[in-house]
Amino acid sequence: MADLIVRNAHITTLDRDHPEARALAVANGALVAVGDEASVMQHATPGTRIIDAGGRRLVPGLNDSHIHLIRGGLNYNLELRWDGVRTLADAMALLKAQVARTPAPQWVRVVGGFTEHQFAEKRLPTLQELNEAAPETPVFILHLYDRALLNRAALRAVGYGKDTPDPPGGQLERDKAGNPTGLLLARPNALILYATLAMGPKLPPEYQLNSTRHFMRELNRLGVTSVIDAGGGFQNYPEDYDIIQKLHAAGELTVRIAYNLFTQKKGGELADFERWSRLLTPRQGDDMLRHNGAGEMLVFSAADFEDFREPRPELPKGMEGELEDVVRLLASNRWPFRIHATYDESISRVLDVYEKVNREVPFDGLHWLIDHAETISARNIDRIRALQGGIAIQHRMAYQGEYFAERYGAKALAHTPPVRRMLDAGVPVGAGTDATRVASYNPWVSLYWLVSGRTVGGLPMYGDDNRLEREEALRLWTHGSAWFSHEQDRKGLLKPGHHADFALLSSDFFSVPEEAIKDITSVLTVVGGRVVHGTGDFGPLAPVLPGPMPDWSPVSHFGGYQGGTLAQASRELASTPGHTHKASCRVPGHGHAAPRARPDGGGLFSFWGELGCACHAF
C-alpha cells in the first residue's frame with residue numbers, strides 16, 4: 001500500500017509501454033503503481049499522503065551525467081552566481097551589493113556558469129569597472145575556463161606582482177611596466193585559474209555542510225534528483241569527500257550521487273588508482289551515495305582542454321603508454337571509467353589504447369565513457385559502440401558556440417557535438433552540464449540547447465539533423481544518464497519498481513515556447529518518495545532548510561540561478577495595484593521596486609533597495 005500518491009497530473013513516464021499516466025503511488029521509496037487515477041487510488045490507505053498536482057506536468061527526476069556537485073557544494077555559499085543574468089548592468093548590480101556586505105578578508109567570487117554572450121551588452125566587465133566597484137574587497141571572476149578577472153585587491157591578496165613569473169600553461173597579462181593587470185589567461189590549460197581560485201579563503205567544515213545542502217536544494221528546485229560527480233581539480237580523495245559522507249550518514253542528501261575519482265598529480269596517476277582500488281570496490285555504496293569508478297581525469301597527458309579561443313592542443317607522444325597502464329589496472333579491477341576528451345584527434349588516440357587493452361583484458365560490458373566529444377567523428381562513434389562504451393554530452397557549446405564558430409566556422413559548428421549521429425549509431429548517451437564552472441548547472445538550459453540548437457546568446461548552431469525532439473532530450477536527461485552509473489534498471493523511468501524520483505514542473509516542458517524552456521523550475525521535487533523541494537502551494541510539504549552560512553553569503557540575498565527573475569519581478573511589480581516608481585530611484589535600468597521574495601521561491605531579492613532604490617510596491 002502507498003505512502004504517497006500524486007494524482008491529477010499529466011505524467012510523462014518515458015516508459016515506452018505506458019508513456020502517459022494521471023497518477024502514481026509510492027511505497028518504501030519505489031513506485032508501486034503508475035496509471036489512471038482509479039487504479040492508483042486503490043493503493044491508498046487512511047495514512048497515505050495524497051497530493052493533488054493541479055493538472056501540472058510531472059516528469060522523471062532529472063539526472064546530470066556530468067557535474068561537479070561535491071566540489072561545487074563546498075563553495076556554493078561563497079559564490080555569487082551570474083548564471084542566467086541577462087544584462088551586464090544587472091550582473092554588476094549584484095556584484096556591487098555583494099561587495100558592500102562581504103567582510104574582510106573574504107572575496108567576492110563569480111565562479112563560472114555564465115558567458116559574456118548571455119548579456120545584452122555582449123561583453124565582460126572591464127578591469128576598471130571591477131576596481132571602481134570594489135576598491136578594497138578582492139573580486140575574482142572566472143569566465144568559462146579561458147580567463148579570470150581579478151581586481152587590484154585580489155591581485156594583492158594572491159601576491160601577484162611584477163616579479164611573478166607566468167606559470168606553465170598560463171599567462172598573466174601585464175601593463176607596459178610589467179605589472180599584472182588582473183587578467184589571467186588559460187594558454188593552453190586552466191591550471192592558472194584553478195590555482196589562483198584555490199588561494200581564496202575557504203569555509204569551515206560546519207559551513208561547508210550547510211553550503212552543500214543549499215546547493216543540493218538549488219538542484220532540487222530545478223528538478224534534479226540524481227547526479228554523477230566527475231571529480232575535479234583540487235578535489236582529493238578521501239579528504240574532500242568527508243563533507244558529503246557526513247551528510248549521507250546524517251540522512252541529509254537530497255540528491256543521489258554517484259562519484260568518480262579524479263587523479264590529482266601529474267606523474268602519480270597510476271599510483272593514485274592503485275591506492276584507491278585498495279580502498280574501494282567497484283560501485284561501493286548505496287542508492288544515495290555510491291562510488292562510480294575513475295575519471296574524468298585518467299592521466300594528465302590525455303587531457304585536451306576545450307578553450308576554443310585557443311588552437312587545439314596536441315597530446316604529448318608519451319600519452320599512450322601512461323594511459324594504457326591506468327586503463328589496464330581499471331579494467332582488471334572492473335572499475336568503470338570515463339575520460340575528458342574534447343577533440344576527435346584526441347579521441348582517436350584514446351580509443352587506440354582502449355582497443356589494445358580490451359584485447360588483453362576484455363572490457364566485457366564494463367560501463368566506460370567518453371566525456372564531452374564535441375568534434376567526434378562518425379568513425380570514432382562506431383569504435384565506441386564496438387567497445388560497448390557510452391558518450392556523456394554537456395551543453396558547453398551553448399556557452400562557447402560563438403568562439404567555436406569564429407575559429408572553425410559555422411559548418412563545423414553544426415554537428416558539435418553530433419548528438420543525433422550518436423543516437424542513430426546506438427551508443428548510450430547521457431546529458432549533463434559540466435557545472436559549476438564551465439557552464440551553468442541549470443538542466444533546463446541544457447534541454448533548451450538540445451531542442452533549439454541555439455547558444456544562450458541566441459546564435460543558431462544546429463539544423464534539424466542535429467536537434468532533438470523534446471521527449472528525446474528529456475530521455476537523455478533521465479533514463480539515458482542512468483546507464484552511466486549502472487542504474488538503468490531502476491532509474492529514469494516512471495514505472496513500478498523504479499526509484500520514486502520525480503519533478504512537478506512550473507510550466508509544461510512539452511508545450512511552452514522554446515525560449516521559455518530555460519525558465520522552467522520544479523514546484524515539487526521528490527527523491528525516493530520523500531519531498532525534498534516545494535514552492536507555492538507545495539512549499540509546506542518540503543522540509544525547512546537552515547539559512548545559508550555565513551549570513552553574508554550571496555545565497556542569502558540572490559539565490560542561485562537567476563534566469564528571468566529580475567525582469568519577471570519588475571513586470572509583476574509594474575502591474576501591482578498601488579505600485580509607484582519614484583524618480584529618485586538610483587538603480588541603473590531598474591524602473592521598479594524589488595520584490596520581497598523571488599517569484600520562483602528561490603533566494604531573497606533585497607539588493608535593489610540596498611543600492612538606493614526609492615520605489616515602493618506595498
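What radius of gyration does the protein have with 618 residues? The value is 24 Å, which agrees with the figure near 25 Å for a compact globule of this length; the radius is taken over C-alpha atoms, and the globule rule is 2.2 Å times the number of residues to the power 0.38.

This is a predicted model, in which local features need pLDDT of at least 70 and side-chain atom pairs count only at pLDDT 80 or more, while totals for chains, interfaces and linings use all residues. Residues are numbered from 1 along each chain as its sequence is written, and side-chain values use heavy atoms, without hydrogens and water.

The C-alpha trace spans about 70 × 70 × 50 Å along the principal axes. Buried residues (under 20% relative accessible area, 1.4 Å probe, protein chains only) make up 61% of the 618. Among contacts (heavy atoms within 4.5 Å) with a separation of 6 or more, 74% join residues 24 or more positions apart.

The secondary structure comprises 21 helices and 23 strands, which are DSSP runs (H or I, at least four residues, for helices; E, at least two, for strands) numbered from the N terminus. Helix α9 covers residues 269–279, and its buried residues are Glu269, Asp272, Phe273 and Trp276. Seen down the axis of α9, these fall within an arc of 90°, so they line one face of the helix; the arc is that of the directions from the helix axis to the C-beta atoms. The elements they pack against are listed below.

| Partner of α9 | Residues |
|---|---|
| β15 | 256–261 |
| β16 | 289–294 |
| α10 | 319–332 |

Conventions:
Buried < 20%, exposed > 50% of the residue type's maximum accessible area, 1.4 Å probe, protein only.
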